[in-house]
Every structure is written in C-alpha cells, then in structure tokens.
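Here are a few exercises to work through with the model open. Try each task before you read its solution.

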Amino acid sequence: MQAVAWYPAIKTLSRREQVRGCRKQRCAHVHATVNIRASNSPASANPGTSYNEHKPKTPPPDLPSLLLDSRIIYIGMPLVPAVTELIVSELLYLQYTDQSKPCYIYINSTGCTRADGEVVGFETEATAIYDTMKYIGNEIYTVGTGVAVGQACMLLSAGNKGKRFMTPHATAMLHQPKVPSTGERQATELNIKWRETLAQKKELLNILSQTTGHGIAKLEKDMQRPLYMTVQDAIEYGIADKIVERDSKAIADVMSAGAWDSAAGLVQKAI
C-alpha cells in the first residue's frame, strides 16, 4: 500500500516540474526575441512607426484633376451622354478660369459607336462638344492618339488650324452616321428617323467642309464607305496639321505640388 501511495506523489511532482520547465523556456524565448529586435543586425526587425506619421496631410488629387490643372481634356471613351457632360463641363470650367490660355483635347475614341460598330450614342453628343469648343473663346489644341473614328475624327479636325496634332501611330477614320436598332417601329417612325439621320449627316458634312477645306460632294463620296487614314493621310486630308513630337507645345505648364494645393484651397498642417 505504501508503494501505491508513494508512486502517485512522484508522478504529480514530475508534472509540476514539466510545467515550470515550459514556463522557463517561454520566458527565455521572449527575452531572446526582444534582444534580436533591439539589435542592429541585418536580420533584426525594427519596430514600425505609427500609421499617423505617414498619413497625407492633405487629400491626394485625382488624375483627371491633375490633367485639368494642365488644361488637358482627355476623351478616351465612346461619346455617350456621361462623357459629353464631363467634356462640356471641363471646357466651360477652363474658359471660366482663364479665357486667354489654350485648352488641350486628347482624343482616343471610337465616336458614337463601339469598336465593333454598335451604336452607343447619339450623333448630337459630338456636336454638343463641337459647339462648346467654338463657343468658348480659348484656343483649342487637339491631339489624336490611338484612334479617332467618325464623330471623334470630326472633333480632332475642329481644333484651331495649325494646332491639330496626331501621335506617330494614331489612326483617323470617317464614316457616315449610323442608325441604331429600330426594333418594332412603325413605317412612319422609320421615315422620321431616316430624315433625322439625313439631317445629322448634312451637319457633319458641313462641319468637316469647314475644318478640312473640302467640298461637301467630295466628303460625301469619300464617306460612302469607311475612310481610314494614317497620320500622313490625315494631314494631307486636312484632319490634322502636324505629328506630335517631344518638343511640341501640346501641354500647358504644370504647377508644383505646393502650388496645386494652394490653388485647390488645401492647407498643409504644421508638423
């Protein structure tokens, strides 16, 4: 019986020693980790600084605002109502800020259609931008980059003479206005839509005749089928004037970060 009583006592004492040993090992591991972090060895991991030390003192400006600061308007989508609203608003804003400085319009757009030819916008989206370009008193630079198709090609040609540029590998293309899907319309409605499309075609031809110098008869004949033009072809046709180069004046002077914050009404807090 004594052996039975003595054996559990030895077993209990052994478990306590194991627990104490584990605690000692944990403490030693923690102290070693702290010493490594505090050291200057290449393998050490220094404690990070707080997030607040690297927070921006002012909200960062978005990219369209930075472009607008340089008086650049970028048309990089088909001409749908949302795009037209933005472009017209930016043109009016640039005229309001300074009527003596030029505006720079960069164009990479398939006009009122998608790349596959599907109609996504009305032809009046382009004429709204064109009318605003002529309404404001600012000088207009246009730069074609990528593609300028249909009504977008018309906008490219609408810049001031001598201020219409294209990048070396850009493409321009003219085509007739396209009629969207008619659905289940009555014959009378189709006739009304046909007359409206014909009127829009005449307006497009009149504008192109003014910007390119060609007669309406020649333009109408050339646009019977899609007319693709390289940069040199577009220059000869009167759509553009020059190939944009590194030293070309196709962008306004850019303000410094501090000047931009001051103009935007952002005040940097003292640290």
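**Exercise 1.** Work out whether tyrosine 104 and tyrosine 141 are buried or exposed.

*Solution.* Take buried as under 20% relative accessible area, exposed as over 50% and partly exposed as in between (1.4 Å probe, protein chains only). Tyrosine 104 and tyrosine 141 both come out buried. Keep in mind that this is a predicted model, where local features need pLDDT of at least 70, side-chain atom pairs count only at pLDDT 80 or more, and totals for chains, interfaces and linings use all residues. Residues are numbered from 1 along each chain as its sequence is written, and side-chain values use heavy atoms, leaving out hydrogens and water.

**Exercise 2.** Classify the ring pair of tyrosine 141 and phenylalanine 165, and place both residues.

*Solution.* Rings of Phe, Tyr and Trp (its six-membered ring) pair if their centres lie within 6.5 Å; planes under 30 degrees apart are stacked, over 60 edge-to-face, the rest tilted. Here the centres are 6.4 Å apart and the planes at 5°, so this pair is stacked. Next, tyrosine 141 sits in strand S3 and phenylalanine 165 in strand S4 (residues 164-166), so the pair ties together parts 24 residues apart in sequence. Strands (E, at least two residues) and helices (H or I, at least four) are DSSP runs, numbered from the N terminus. Finally, tyrosine 141 and phenylalanine 165 are both buried.

**Exercise 3.** Which aromatic cluster does Tyr104 belong to?

*Solution.* Tyr104 forms one aromatic cluster with Tyr141 and Phe165. By the ring rule, the count is two aromatic pairs.
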